[in-house]
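Here are some short exercises to work through with the structure open in your viewer. Each one sets a task and then walks through a solution.

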Amino acid sequence: MIIGITLRKTMVDMHRGPITLRPVFMECYTIASGRNHVDYPKSSSADVPELALIMANIINVKATSTLNHIKDLLKEGSGDRDALVSCGQNYIAILEIDLPQAIKALINGAYDIAEDGFADAVLEANFCEEEPDNLIEKTCKKTPHYDLCISSLESNPQSSNADLNGLAMIMVNIVLSNTTSTLDYIQALLKQAPEPELHRALANCAELYIPVVKYSLPQAIQALSECHYGFANYGVSDAAKEADACEKAFSGSIKSPLTDRNSIVHDLSDIATAIINALQKD
């Protein structure tokens, strides 16, 4: 049973200021027991689990040193502040969640859980190393509609330099843009004097979308700017709910002319909600 994984040497090389941040995340050798023997540096007094614990503590020291260096750079105003803040969050997760989980699991002989803890630490260190554009990919992986998330955020040039809060704000504004466009489309259809049943369904949809466009989403944007994430999430979720209600207004022989638009509003709202949830966890 493998009880450690290779933590490859992770170089964070950020040439974004007068000081170059290049912390080295110590390489941890794969250690195994049972029939999966591999070569590893041996200690005359330590068995395999003890060697894993020794290496985990070395990683802890290196990660602590890196986090302190990040804090120093932030105090000095050196480098890209958003990138440094993001890296700080990554290393806090390593020190407060990933490594404690791995060390506790090693002590208890839960080697699979220990391996997961080490793997998460590698991911956090790698996320720190990535360019800002990769924050979009990392963020979209946490949403239910990855491809739509990527295409929507990448369509906004400001997203390439945005932090997580910025990406959330961009996405909520995209939701607002789409709900506004859908409301305009509904009102244009109503002016065409459709048959009574279709007219009633469209009028119902207009009544559903108007408060979303005028109140729910603008209030969500305001709440997001003030870091009131719960309230922001409520407003964005309302957009998804009303889009669903609009689609259900069409029944029987009346085919909805808004299916695609309602679907995209719903999916974009789901993405925005997921990003705001990620903010709350940070």
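**Exercise 1. Place Asp 238 and Lys 241 in this predicted model, and work out how their side chains are paired.**

Step 1. Start with the position: both Asp 238 and Lys 241 belong to helix 8, and they sit 3 residues apart, about one turn of the helix.

Step 2. Next, look at the side chains. The closest N and O atoms of Asp 238 and Lys 241 are 3.5 Å apart, and the pair forms a salt bridge; the cut-off for one is 4 Å.

Step 3. Finally, check the surroundings. Asp 238 has a relative accessible area of 12%, so it is buried.

**Exercise 2. Find out whether Glu 242 is buried or exposed, and which side chain of opposite charge is nearest to it.**

Step 1. Glu 242 is another residue of helix 8, and it is buried.

Step 2. The nearest side chain of opposite charge is that of Lys 241, 4.6 Å away. A salt bridge needs nitrogen and oxygen within 4 Å, and Glu 242 has none.

Step 3. Leaving aside neighbours within four places in sequence, Glu 242 is in contact with Leu 208 and Val 212.

**Exercise 3. Count the salt bridges in the structure, and describe the one that involves Glu 137.**

Step 1. The structure holds 2 salt bridges.

Step 2. One of them joins the side chains of Glu 137 and Lys 141, at 3.5 Å from N to O.

Step 3. Compare each partner with the cut-offs: Glu 137 has 31% relative accessibility and therefore counts as partly exposed, while Lys 141, at 57%, counts as exposed.

**Exercise 4. Follow helix 7 along its length and say where it bends.**

Step 1. Helix 7 has 30 residues. From first C-alpha to last it reaches 43 Å, close to the 44 Å expected at 1.5 Å a residue.

Step 2. The bend is at Val 212 and amounts to about 45°. Val 212 is also one of the contacts of Glu 242.

Step 3. Carry on past the end of the helix. In the loop between helix 7 and helix 8 lies Cys 227, whose phi is near 65°, a positive value in a residue other than glycine. Cys 227 counts as partly exposed because its relative accessibility is 47%.

**Exercise 5. Explain why Cys 205 counts as buried, and list its contacts.**

Step 1. Cys 205 lies in helix 7, and its relative accessibility is 0%, so it counts as buried.

Step 2. Beyond neighbours within four places in sequence, Cys 205 is in contact with Ile 186, Cys 246, Ala 249, Phe 250 and Leu 258.

Step 3. For a distance along the chain, take Glu 247: it is 42 residues from Cys 205, yet their C-alpha atoms are separated by 8.0 Å.

**Exercise 6. Identify the largest nonpolar core and the helices that supply it.**

Step 1. The largest nonpolar core has 53 residues, and those with the most contacts inside it are Met 171, Leu 224 and Phe 250.

Step 2. Helices 4, 5, 6, 7, 8 and 9 each supply at least two residues of this core.

Step 3. A second, separate core has 23 residues, among them Ile 59, Leu 73, Tyr 91 and Phe 118.

Step 4. To close, zoom out: the chain has 9 helices and 2 strands, and buried residues make up 44% of its 282 residues.

Terms used:
Residues are numbered from 1 along each chain as its sequence is written. This is a predicted model: local features need pLDDT of at least 70, side-chain atom pairs count only at pLDDT 80 or more; totals for chains, interfaces and linings use all residues. Side-chain values use heavy atoms; hydrogens and water are left out. A nonpolar core is a set of buried Ala, Val, Leu, Ile, Met, Phe, Trp, Tyr and Cys residues joined through side-chain atoms within 4.5 Å. Buried means under 20% relative accessible area, exposed over 50%, partly exposed in between (1.4 Å probe, protein chains only). Helices (H or I, at least four residues) and strands (E, at least two) are DSSP runs, numbered from the N terminus. Lys and Arg count as positive and Asp and Glu as negative; His and the chain ends are not counted. Contact means heavy atoms within 4.5 Å. The expected span of a helix is 1.5 Å times one less than its number of residues. The bend at a residue is the angle between axes fitted to the seven residues ending there and the seven starting there.
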